[in-house]
Amino acid sequence: MKSLVLEKKDDLSLRDFPEIDRQEEILGPRDVRIKLHTVGICGSDVHYYTHGRIGPFVIEEPMILGHEGAGTVIETGAEVTGLSIGDRVCMEPGVPDPNSRAARLGIYNVDPAVRFWATPPVHGILRPTCVHPEAFTFKLPDNVSFAEGAMVEPLAVGVHAATKARVKPGDIGVVMGAGPIGLVTALSALAAGCARIYVSDLAEKKLEIAQSLNPAIIPVNIANDDLVARVMKDTDGWGADVVWEATGSPKAAATVFEPLAPGGCVVMIGGQAEPISYDAGAAMIREARVENIFRYAHVFPRCVAMLSSGAIDIKPLITRTFDFGDSVEAFEVAASAPPADVKMQIILPQ
Ligand SMILES: [Zn+2]
C-alpha cells in the first residue's frame, strides 16, 4: 500500500506509510471507504513540493499529497444511507466541524477548524484508499468518468466564483489568468449565463486552449494586446459586468477595476502571498462590488450535474495522465509548468 509522500521541500517518494494505514483502520458510522481511481495534481500540491509551504501552512512532517479525487466506494459505515458499495464517487476534500459557528451559518468553507486534504497536518489522497464522510462524498452518474469526477474539485472553485458574482444572463465577463482555475471560472461563468468571456494571459498556448473550449471565450494576450481597450471597444465604452482575478499576481490585481463597468463586480480568486494594493478610487466611481472566495461551499452536486448534462465539458482541460507508479516524475513535470498543459492527473492501480 504505497502512498506519494512529500518528505520535505523538493523531496517526494512513493513508499509505505504505516501511519495512514493505522489512521484509516477506523470507519465511522457515517463514513465510507473509497478506493481511489484518479487524483488530479493541483497547483497547491506542486507549491508544497517546490516551496515546502503555502502561507501559514508549513510541511514539518512527511505528508501525503493530493486532494482532487474520484474513486469507488468499497465499504460503508453502519449509518450510511445514500451510498452503496460499488458507487463511483468524487469527494469534497475539506471537512469542517459540523458544530462550528461557521458550519452552522452555512459558510463551512471558512470554518477555521476545517480539515482539508494535503494541507498540513492533514494527509492527502495519493494513496490506494481513504475514509471520508458520506456527507462530503458525491455519487457520479454513469456518464461522468473518474477523470471528470476528479475535476469536480477545481471546477467547484469556478462555480463558487460565478455564484459569488451573481452572474445574470447576458453578462460580459473578464477572467484574468488562463491557468486551470481561470479556465474553470470561464466555463462556469458561461454556464451561469455570461454572453462572452474575455480571458487574458501572457502564455499564448494557454490562450489557445481557452479559445478552443467555447466560441464565447475571447483570448487576449496582454503581451501584445490591451485588455481594457479591447473590452471597452466591444462594449461601447461601458465595460465588463464581472471581472474575475485568477492570476494571484499583484500586478494583475492592481488593474481589476479598469475593464469593469459601473455597478460591476470583481471577484478575487487568486491567492496573494503578501498584502497588495488596488485602486480604491476606480472601485468607488463604479460603485464596484468586490467579492472574495475561499475554496467553495455547497457546489459539488451542481458541478456533477453540469458535467452530466453537458452544460460544462471539462475533458479538454485534462491534458496529461500518469500511472501512480510514475507519480514522482508527474510532479517533476508539473513543477516545470509546461505551457501546453492545464491539468495533469494520476491513475491509481485498481
Ligand atoms: Zn485543487
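**Exercise 1. In strand 16, which residue is the bridge partner of valine 174, and how do strand 13 and strand 16 run?**

Step 1. In this predicted model, valine 174 has valine 243 of strand 16 as its bridge partner.

Step 2. Strand 13 (residues 172–176) and strand 16 (residues 240–245) are joined by four bridges, and the two run parallel.

Step 3. Strand 16 also pairs with strand 17 (residues 260–268), again in parallel, through five bridges, and here tryptophan 244 stands opposite valine 267.

Step 4. As for its surroundings, strand 16 is mostly covered, since six of its six residues are buried.

**Exercise 2. Place these strands in their sheet: what is the strand order, and which strands stand at its edges?**

Step 1. The open sheet consists of six strands with parallel pairing, and its order is 15-14-13-16-17-18.

Step 2. Strand 15 and strand 18 (289–292) are the edge strands, each of them pairing on one side only.

Step 3. From one strand to the next, the twist averages 20°.

Step 4. Helix 5 packs on this sheet and touches strand 16, strand 17 and strand 18, with a direction that makes about 145° with that of strand 17.

Step 5. Helix 7 (residues 204–213) packs on the sheet as well, where it touches strand 14 (196–201) and strand 15, and its direction makes about 170° with that of strand 15.

**Exercise 3. Is valine 267 buried or exposed, and is isoleucine 222 buried or partly exposed?**

Step 1. Valine 267, which is found in strand 17, counts as buried because it has 26 C-beta neighbours inside 10 Å, the cut-off for burial being 20 or more.

Step 2. Apart from neighbours within four places in sequence, the contacts of valine 267 include Ala161, Lys164 and Ala165, together with Val242, Trp244 and Ile293.

Step 3. Glu291 is also among the contacts of valine 267; the C-alpha atoms of valine 267 and glutamate 291 are 4.7 Å apart, although 24 residues separate the two in sequence.

Step 4. Isoleucine 222 lies in the loop between strand 15 (217–221) and helix 8 (227–234), and with 16 other C-beta atoms within 10 Å it is partly exposed.

Step 5. Once neighbours within four places in sequence are left aside, isoleucine 222 is in contact with Ser200, Leu202 and Leu227, while its C-alpha atom is separated by 9.7 Å from that of glutamate 204, a residue 18 positions away along the chain.

**Exercise 4. At what angle do helix 5 and helix 11 pack, and which residues meet there?**

Step 1. Helix 5 (residues 152–165) and helix 11 (residues 300–309) have axes 9 Å apart and pack at an angle of about 105°, which makes helix 5 roughly perpendicular to helix 11.

Step 2. From helix 5, Val152, Leu155, Ala156 and Val159 take part, and they meet Phe300, Arg302, Cys303 and Val304 of helix 11.

Step 3. Sorted by character, the residues of this contact comprise seven nonpolar, no polar and one charged.

**Exercise 5. How are strands 2, 1 and 6 arranged, and why is one side of each edge strand left without a neighbour?**

Step 1. The three strands form an open sheet with antiparallel pairing, in the order 2-1-6.

Step 2. Strand 2 (11–16) and strand 6 (63–64) stand at the edges and have a single partner strand each, so one side of each lacks a neighbour in the sheet.

Step 3. Strand 1 (residues 2–8) pairs with strand 2 over six bridges in the antiparallel sense; across this pairing, serine 3 stands opposite arginine 15 and leucine 4 opposite leucine 14.

Step 4. The hairpin of strand 1 and strand 2 has two residues between the strands, and aspartate 10 takes a positive phi near 65° there.

**Exercise 6. Which residues of helix 12 are buried, and what do they pack against?**

Step 1. Ser327, Ala330, Phe331 and Ala334 are buried in helix 12 (residues 327–335); they cover an arc of only 95° around the axis, which puts them on the same side of helix 12.

Step 2. These buried residues pack against strand 1 and strand 2, and also against helix 2 (43–51), strand 19 (318–323) and strand 20 (343–347).

Step 3. Just after helix 12 comes alanine 337, with a positive phi of about 50°.

**Exercise 7. Which residues make up the covered face of strand 11?**

Step 1. In a regular strand, side chains alternate between the two faces of the sheet.

Step 2. In strand 11 (residues 129–133), Cys130 and His132 form the covered face, whereas Thr129, Val131 and Pro133 form the uncovered one.

Step 3. Strand 3 (residues 31–40) runs antiparallel to strand 11 and is joined to it by five bridges, with valine 32 standing opposite histidine 132.

Key. Residues numbered from 1 in each chain as written. Predicted model: local features only at pLDDT ≥ 70, side-chain atom pairs only at ≥ 80, totals over all residues. Buried ≥ 20, exposed ≤ 12 C-beta atoms within 10 Å, placed from the backbone. Pairing = 2+ DSSP bridges. Axes fitted to C-alpha atoms, helices over the stretch in contact; angles between N-to-C directions. Parallel < 35°, antiparallel > 145°, perpendicular 65-115°, else oblique. Contact = placed C-beta atoms within 7 Å. Nonpolar A, V, L, I, M, F, W, Y, C, P; charged D, E, K, R; others polar. Arc of directions from axis to C-beta.
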